[in-house]
Amino acid sequence: MNEIKILIAEDEAIAAEDLSRSLESLGYQIVGITATAEKTIKKAESDSPDLILMDIRLQGEKSGIDAAREIQQAYNIPVIYLTAYADNATLQKAKESSPYGFILKPFQIRELIGVIETSLHRHRLEMDIKAKQAWLSTTLNSIGDGVISTDTNSLVTFMNPVAETLTGWTQQQALGKPLKEIFRIVNEVTKQPVKNPADQVLREGRIIELAHHTLLVQKNGQHIPIDDSGSPICDEQGKITGVILVFKDISKRRTAETERRVMMERYQSIINSNHNAIYLLDTELNYLLMNQAYLTRLGVGDQEQFIGKAYAEFHSDKNTNQFVKRIQSVIKSGKPVDYEYQSDRDGLYFLRTLSPIRDEETGSIQAITVISTDISEQKIAEQSLGLSETRFKTVFEKNPLGVAILRNIIFDDINPAFCNMMGYAPAELKEKSVSDITHPDDVKGDKEYIQGLYSGKIPSFQREKRYIKKTGEIVWAITTVTLLKTDEDGTIYTLAIVEDISEKRKTSEALQESEEKYGAVFKSAADGFIFLNKKGIVLDVNDAFTRITDISRDQIIGKYATDLVNKFLKPKDIPQVLKKIVSFFAGNSIPPYEVEFKQKTLEIQSTIERNTAGYTTSVRDITEQRHNAIMQSVLFNISQATNQSKNLDDLLTIIHKHLGQLIDTKNLYVALYDEILNHYTFPFMVDEYQKNDQFTQEEMKYSLTDFVRRTGWPLLADKQTFKRMVEQKKVSLVGKPAELWMGVPLKSAHKTFGVVVVQSYHDDALYSENDLEVMTFISEHIATAIERRQAEDQIRDSLKEKEVLLKEIHHRVKNNLQIIQSLLGLQTQFIRDPMDLELIKESQDRVRSIALVHENLYQSPNLAEIDFADYIRNLAYALYRSYKINMDKIQLNIKIEDIKFPVDRAVPCGLIINELLTNALKYAFPPEFKGKGLIDIKIKRSSKHEVELIFSDNGVGMPEDKVDNETGSLGLTLVKLLAEKQLSGKIKVDYKKGTKYTVILKCPE
């Protein structure tokens, strides 16, 4: 302990001297006592103390907090504050200087010793931790990879120099910022952000590798390819405390890969131009490359699913084993091999050529080129003709459509489907011409088409016509006729394919009738309707839709609904409307919703048509209805904000937010005019170009704002209006000129005290006369709200000033009581009589009991009265510590009702309990006392105007012959005096079982 050096910074000389002597008596070395911040800093530099005991208030301009902050930064010496201040604001400011402890005046030396030893131990631990951190930092700074560490909130806590170089951020810039802002990564192909690996590490608690093809976005916007891994940082209990990322620049590796890829692409381009199937395999028979002809052969369009995978994974026919043996032969001999084979899959014949590819430097075989040439044509030419005839016959016989071959116009061959369709047997139809089974009204049209076909003008034709079945029924059909050939003798063969559409025709006619009925309702409806097909294309709109939206039919018919949303809606509404459209087309029911459209509010509702042919969307103009609802909401919110906002700034911020529901408030300010000072203030301003401190009061005299204030009339001014007013010398230019300016006066008792202004720098049609009416109406409520809030703020400021003054008075009282206690402490150093020392100690306890009252008042929200229960507990525990009483040996029970005591009652009541408890601790439980001691303190309200205080113990009590003499002691004399004289109460003493005091005090509610 002799090595511990302490510096005392205290402007109260008596208190400092008492503290110095007390600490020296306990073995500490006091290197000095200072009274100012400047001297304390110099003493800390020259003497390097192990600890500084610092009073928050010191002589001079700088406080103890200022001194502590400089000392911590320069010399890293721990500081403990000794102060009479206990309010939250002062304590919060003191905490910012990172003290090692607080001791509130008045204090006991035992309390201080405990804080001193704890602070020194903590300081030693922190120094050890800093040394370890320095070693770790040096290690991380020396490695070649970038390293970033974060806490559990993904905020950056460390970056090494490599990480600084790669990200473009310095560690100082990055500390405390979100990792996603510093370590920004995107997909190399899509350039879309990639999920940060740190989030997955925190979520899963394991090492995470970064996905391939990832780019790091540097601070300057440049991109570099990286590899990365993230690992959790865990404490001794295994709890995750953060994440560490390790990453490196792989640009050089990527360049090499790019060069290889370019070479492969060139090779790919060359082999793609070959009509033969070509592919490359490595020596392990894994795919490296393939051309389009090979992909076509396999029936796929993309080679990505093959690259890097084994040939055998996609081929398992009898030729695979033979192929593998041939490949191995080429690898072994280094010579190319040709051989023929027939594919099991489709029976085609191929000539396969296998050629080795050698490394230019080493000469070793790196890959095998495989070229497959189709030689099927010459091998199966003869079989093809018979196969084609068989296939045609199968298609002809099994076709569900009617198929007929005609010689001139006579049926030559007919399939079963056509016979069934017409109700004739094949032999019956072969005796008839097409005209024989065609409706008389369609025969002429057939002849015109057939003449064009026979003359060679057209190769084929298709028409909708009627046939007559054997039963006389009419069959509607679509007939397609194609010319097959013309023989040398002039015989013409044609192919006719006939599809029966009778049922479709009936359905179409019914649908047409339904649409005619629907159209009448569709066109005459008051609401706007838009009809879309199942692909989302607009088929029709009614007149009400074009009237409500001001969109012509030409602009919308035939367009996709999503295209119209992107073209006509405001950007802020586009995402939510597109999301609803997608959900609706997916089959989900969508409730009616609202969108802003060309200064209107539209309600939209979509439904599926009964015939499921498409969708109908209704559009209703609810602008006025919505406007009235928003107006009521805005007025309500402004009224509510007047009562709930903490100050004028909060009120105006809320008004700005809610007023924005009615008009554009991107550029808005409130100007208030002080008539006495002839002065403008701007308590609120949001503006793209201007700030509220840019205008001089001289400029404001000639501004549009002052014009509205002087005239008391609202004003909507465009550029032309403003120019005319300048020419008429009514106003002059102040600040950046706006395209459109709108201001309304704020009035009170027919006097204008301010102006609310909104303006636009880009859109000369942003506001209308209707908006001016809205602003004028709202301004009355804004004026009322501002006036009321200003009055409340003035009252609150006045109360705050008084509260600060009262707290300062309590602080000075506490400080003076500390001086009295220190004087008594110094006096004890010159007293040798134990009885006299005991009397001084009792006086110090009495001073402490009074100081505690002011401590509670200082921290209480009500400076006129204190929480008496909390006060008594603090007082009792202080006396236990003062007399070194073990609370397990003498148990203390406190039961106090929630009673608020005024100051003039709290001080004497505290002194009464101080004397009774001191007396009990000293005399009620002597060494010969057996058993467990018990002290009870109870305070309760016995009537409306009286409070009952009961103090009792189970100690040895007092002999009968000494009871009368006991009242002569100072302690009990004070109790009697305070209870009966000062508090107009009564006191009753009972010594039968231990000691019991009952005090009845006057204390009205």
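Which residues of H20 meet which residues of H21? I started my notes there. I'm working on a predicted model, so I keep that in mind throughout.

**Entry 1: H20 and H21**

I looked up the contact and found Thr562, Val565 and Asn566 on the H20 side, with Ile574, Val577, Leu578 and Ile581 facing them from H21. Sorted by class, the residues of this contact come out as 5 nonpolar, 2 polar and no charged. Then I pulled the geometry: H20 covers residues 561–568 and H21 covers residues 574–585, and their axes lie 10 Å apart at an angle of about 170°. An angle over 145° counts as roughly antiparallel, so that is the label for H20 against H21.

**Entry 2: H2 and H3**

Next I went to another helix pair, H2 (residues 37–47) and H3 (residues 64–75). Here the axes come within 9 Å and cross at roughly 20°. The cut-off for roughly parallel is under 35°, and H2 and H3 therefore get that description. I also checked the handedness, and H2 passes H3 in a right-handed crossing. On the H2 side I noted Ala37, Thr40, Ile41, Ala44 and Glu45, and on the H3 side Ala67, Glu70, Ile71 and Tyr75. The class count for this contact is 6 nonpolar, 1 polar and 2 charged residues.

**Entry 3: the sheet**

I switched to strands and picked an open sheet of 5 of them. Reading across, I get S14-S13-S17-S16-S15, with antiparallel pairing. Which strands stand at the edges? They are S14 (287–290) and S15 (337–342); each has a single partner strand, so one side of each has no neighbour in the sheet. From one strand to the next, the twist averages 25°.

**Entry 4: around S17**

I wanted to know what S17 pairs with, so I took its two neighbours in turn. S16 (residues 349–358) runs antiparallel to S17 (residues 365–374), and 9 bridges join them. S13 (residues 277–282) is also antiparallel to S17, over 6 bridges.

I then jotted down some register points to click on in the viewer:

- Ile357 has Ala367 in S17 as its bridge partner.
- Thr353 sits opposite Ile371 in S17.
- Leu280 sits opposite Thr369 in S17.

How many residues lie between S16 and S17 in their hairpin? I get 6, and within the turn Gly363 has a positive phi of about 80°.

**Entry 5: Tyr349**

I stopped at Tyr349, which is in strand S16. Is Tyr349 buried or partly exposed? Its relative accessibility is 24%, and buried needs under 20%, so Tyr349 counts as partly exposed. I also looked up its C-alpha distance to Asp374: the two are 25 residues apart in sequence but 6.1 Å apart in space.

**Entry 6: whole chain**

Last, I pulled the totals. The protein chain has 32 helices and 39 strands. Of its 1005 residues, 43% are buried. I also looked at contacts with a separation of 6 or more: residues 24 or more positions apart account for 54% of them.

Terms used: Residues are numbered from 1 along each chain as its sequence is written. This is a predicted model: local features need pLDDT of at least 70, side-chain atom pairs count only at pLDDT 80 or more; totals for chains, interfaces and linings use all residues. Side-chain values use heavy atoms; hydrogens and water are left out. Axes are lines fitted to C-alpha atoms, for helices over the stretch in contact, and angles run from 0 to 180 degrees between N-to-C directions. Helices (H or I, at least four residues) and strands (E, at least two) are DSSP runs, numbered from the N terminus. Angles under 35 degrees count as roughly parallel, over 145 as roughly antiparallel, 65 to 115 as roughly perpendicular and the rest as oblique. A crossing is left-handed if the near helix is turned anticlockwise from the far one by less than a right angle, and right-handed if clockwise. Contact means heavy atoms within 4.5 Å. Ala, Val, Leu, Ile, Met, Phe, Trp, Tyr, Cys and Pro count as nonpolar, Asp, Glu, Lys and Arg as charged, and the others, Gly among them, as polar. Two strands pair if DSSP finds at least two bridges between them. Buried means under 20% relative accessible area, exposed over 50%, partly exposed in between (1.4 Å probe, protein chains only).
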